[in-house]
Amino acid sequence: MSKSRSLPVLEPDVVPCCPPLTERPLSAEEAERTAKMFKALGDPVRLRLFSAVASHEGGEACVCDISDVGVSQPTVSHHLKKLREAGLLTSERRGTWVYYRVEPSVLAAMGQLLSAAA
């Protein structure tokens, strides 16, 4: 007899969903959410880290594989924290390492936001 149970799925702090910019003006709430995402990506180091995770084989990257971006390890940790807080990355600790993944809906939502309405 199995003693397993279902665990609830946690939603990210920031839900990156907005209509395409050409469809209609963003509401104040949508603009806040979207600005938080793009502000996090507005730093070159964060953009490089986000790109490294998004393009890494298997869709996830160990911090040990992506930390060579020209800044110290504590600075890398700070930037990864900002990307997580903006809802762009999720993380999972495995032993002594932390693995990062792009939040599944993020790339599609960002692409939809910047594309022309169908």
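## The sheet

Two strands count as paired if DSSP finds at least two bridges between them. Helices (H or I, at least four residues) and strands (E, at least two) are DSSP runs, numbered from the N terminus. With that in hand, the sheet of this predicted model is easy to follow: three strands form an open sheet in the order β1-β3-β2, with antiparallel pairing. β1 (60–62) and β2 (89–94) stand at the edges with a single partner strand each, so one side of each has no neighbour in the sheet. Neighbouring strands are turned by 25° against each other on average, direction ignored; such angles run from 0 to 180 degrees between N-to-C directions, and the axes are lines fitted to C-alpha atoms, for helices over the stretch in contact.

How many bridges join β2 to β3? There are six, and the two strands run antiparallel. Within this pair, Arg 93 stands opposite Val 98 in β3. The hairpin of β2 and β3 has two residues between the strands, and Gly 95 takes a positive phi near 65° there. On the other side of the pairing, β1 and β3 (residues 97–102) are antiparallel over three bridges, and Ala 61 stands opposite Tyr 100 in β3.

## Two faces of β3

Which side chains of β3 are buried, and which are not? They alternate: Val 98, Tyr 100 and Val 102 point to one face and are buried, while Trp 97, Tyr 99 and Arg 101 point to the other and are not. Here, buried means under 20% relative accessible area, exposed means over 50%, and partly exposed lies in between (1.4 Å probe, protein chains only).

Helix α4 (residues 73–85) lies across β2 and β3, running at about 125° to β2.

## The whole chain

A few words on how to read the values: residues are numbered from 1 along each chain as its sequence is written, and side-chain values use heavy atoms, with hydrogens and water left out. Because this is a predicted model, local features need pLDDT of at least 70 and side-chain atom pairs count only at pLDDT 80 or more, while totals for chains, interfaces and linings use all residues.

Stepping back, the protein has five helices and three strands, and along the sequence they follow the pattern α-α-β-α-α-β-β-α. Of its 118 residues, 31% count as buried. A contact means heavy atoms within 4.5 Å; among contacts with a separation of 6 or more, residues 24 or more positions apart account for 58%. The accessible surface comes to about 7,700 Å², and 55% of that belongs to carbon and sulfur atoms. Accessible areas come from the Shrake-Rupley method with a 1.4 Å probe, and for residues only the protein chains shown count as cover.

## Salt bridges

A salt bridge is a side-chain nitrogen of Lys or Arg within 4 Å of a carboxyl oxygen of Asp or Glu. A search of the whole structure finds eight of them. One of these joins Glu 60 and Arg 94, with the closest N and O atoms 2.9 Å apart. Glu 60 lies in strand β1 and Arg 94 in strand β2, so the pair ties together parts that are 34 residues apart in sequence. Glu 60 is partly exposed, at 21% relative accessible area, and Arg 94 is partly exposed too, at 32%.

Arg 94 also meets Glu 92 in a salt bridge (3.5 Å, N to O). Salt bridges that share partners join Glu 60, Glu 92, Arg 94 and Arg 101 into one network. Glu 92 is partly exposed, with a relative accessible area of 34%.

In helix α4, Glu 85 and Lys 82 are three residues apart, which separates them by about one helical turn. They form a salt bridge with the closest N and O atoms 3.8 Å apart. Glu 85 is partly exposed at 31%, and Lys 82 counts as partly exposed at 31%.

## Out on the surface

Which residues form a nonpolar patch on the surface? Leu 21, Phe 38 and Leu 114 do, with about 280 Å² of accessible area together. Patches are made of residues with over 30% relative accessible area and no salt bridge; like charges are joined within 9 Å, and nonpolar side chains (Val, Leu, Ile, Met, Phe, Trp, Tyr) within 5 Å. Leu 114 is found in helix α5 (residues 106–114) and is exposed, at 57% relative accessible area.

Pro 44 has its place in helix α2 (residues 44–55). Pro 44 is exposed, with a relative accessible area of 61%. The C-alpha atoms of Pro 44 and Val 69 are separated by 9.6 Å, and these two residues are 25 apart along the chain.
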